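This report introduces a structure to a reader who has not met it before. It begins with a single strand and proceeds outward from there.

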Amino acid sequence: MSQKVAVLGTGKIGEALLSGMIRAGWAPDDLLVTARRSERAEELRTRYGVTPVTNTEAAKTADTLILTVKPQDMGTLLDELAPHVPADRLVISGAAGVPTSFFEERLAAGTPVVRVMTNTPALVDEAMSVISAGSHATEQHLAHAEEIFGGVGKTLRVPESQQDACTALSGSGPAYFFYLVEAMTDAGILLGLPRDKAHDLIVQSAIGAAVMLRDSGEHPVKLRENVTSPAGTTINAIRELENHGVRAALIAALEAARDRSRELASGKKD
């Protein structure tokens with residue numbers, strides 16, 4: 001882990017990645033950061049011992065550049081970086097919807113680009129990071145990206161054509177679960193429970209269900225059937241979910257997220 005890695009545009013996800021790399025054994029001296037505000041850069045230096053630099057300095061000195069700015073800002077960042085990025089630099093993009101070809105067209109010919117979509121559970125080392133290779137990225141480049149993002153959770157390689165779907169399911173996925181917990185908490189209050197007790201019941205139920213999904217090897221239908229006894233409380237609740245079209249609404253929501261990912265790639269902001 002002696003290579004220099006620079007995280008450009010170090011917001012929440014960038015900081016989570018940075019801290020995860022340090023916990024995984026990366027030396028702070030090998031980590032560079034850039035931030036829009038100088039106060040933010042100094043905050044990262046104080047907290048992690050990393051070195052704040054400009055975008056240009058990062059491009060010139062780092063072996064790997066991890067670009068974590070918003071998709072709408074990526075073109076401007078690449079315009080700034082392009083004159084200073086040699087073709088042997090590995091460029092990792094964390095921007096939703098932006099294809100590797102977007103980078104390859106703006107950087108030196110042959111520059112290896114890897115596209116990664118991670119999510120906010122990176123903050124607690126439980127991220128799901130989906131990795132795709134650009135046309136010049138090798139097995140070594142993909143393994144290096146897995147080494148970096150493996151510090152904050154699980155990684156999965158997919159063809160780039162599947163990235164927009166992964167963004168809809170996993171990149172945005174935590175928000176759907178937070179939304180569900182919010183709604184269930186409100187239901188608990190309606191049923192007469194204090195908010196804190198409703199919250200604790202639902203969160204622990206969610207954790208338990210997630211561990212069972214991960215560790216049991218059972219299909220979710222089987223796990224649901226194990227809870228659903230004839231003429232019982234669960235089947236009555238499931239009937240209402242079906243009557244209200246919850247399954248169809250989820251499918252439509254994920255399609256909308258996928259479509260928005262594609263729109264971001266085309267530069268559409270509204």
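Strand β5 is covered on both of its faces: Leu90 and Ile92 are buried on one side, and Val91 and Ser93 are buried on the other. This description, like everything that follows, rests on a predicted model. The division of these residues between two sides may be read alongside a general rule. In a regular strand, side chains point alternately to one face of the sheet and to the other.

**The strand and its neighbours**

Strand β5 comprises residues 90-93 and pairs with strand β6, residues 113-117, in the parallel sense, through three bridges. Its pairing with strand β4, residues 64-67, is also parallel and involves four bridges. The residues that face one another in these pairings include the following.

| Residue in β5 | Partner residue | Partner strand |
|---|---|---|
| Leucine 90 | Threonine 64 | β4 |
| Valine 91 | Valine 113 | β6 |
| Isoleucine 92 | Valine 114 | β6 |

The path from β4 to β5 includes a helix: β4, helix α4 (residues 74-81) and β5 form a β-α-β unit that is right-handed.

**The sheet as a whole**

These strands belong to an open sheet of eight strands, in which the pairing is mixed. The order across the sheet is β3-β2-β1-β4-β5-β6-β7-β8. At its edges lie β3 (51-52) and β8 (153-157), each of which pairs on one side only.

**An aromatic pair**

The structure contains one aromatic pair. Its members are phenylalanine 102 and phenylalanine 103, whose ring centres are 5.8 Å apart and whose planes form an angle of 80°, an edge-to-face arrangement. Are these two residues buried or exposed? Phenylalanine 102 has a relative accessible area of 17% and counts as buried, because the limit for that class is under 20%. Phenylalanine 103 is likewise buried, with a relative accessible area of 0%. Phenylalanine 102 has a further contact to note: arginine 106 lies over the face of its ring, at 3.6 Å from the ring centre.

**The annotated region**

An unreviewed UniProt entry lists residues 4-97 as "domain: Pyrroline-5-carboxylate reductase catalytic N-terminal". Across residues 4-97, helix accounts for 40% of the chain and strand for 19%. The C-alpha atoms at the two ends of this stretch are 27 Å apart.

Methods:
Residues are numbered from 1 along each chain as its sequence is written. This is a predicted model: local features need pLDDT of at least 70, side-chain atom pairs count only at pLDDT 80 or more; totals for chains, interfaces and linings use all residues. Side-chain values use heavy atoms; hydrogens and water are left out. Two strands pair if DSSP finds at least two bridges between them. Buried means under 20% relative accessible area, exposed over 50%, partly exposed in between (1.4 Å probe, protein chains only). A crossover is right-handed if, with the strands pointing away from the viewer, the path from the first strand over the helix to the second runs clockwise. Rings of Phe, Tyr and Trp (its six-membered ring) pair if their centres lie within 6.5 Å; planes under 30 degrees apart count as stacked, over 60 as edge-to-face and the rest as tilted. A charge sits over a ring if NZ of Lys or CZ of Arg is within 6 Å of the ring centre and within 35 degrees of the ring normal. UniProt positions are given in the numbering used here, feature names are shortened, and annotations may be inferred rather than shown by experiment.
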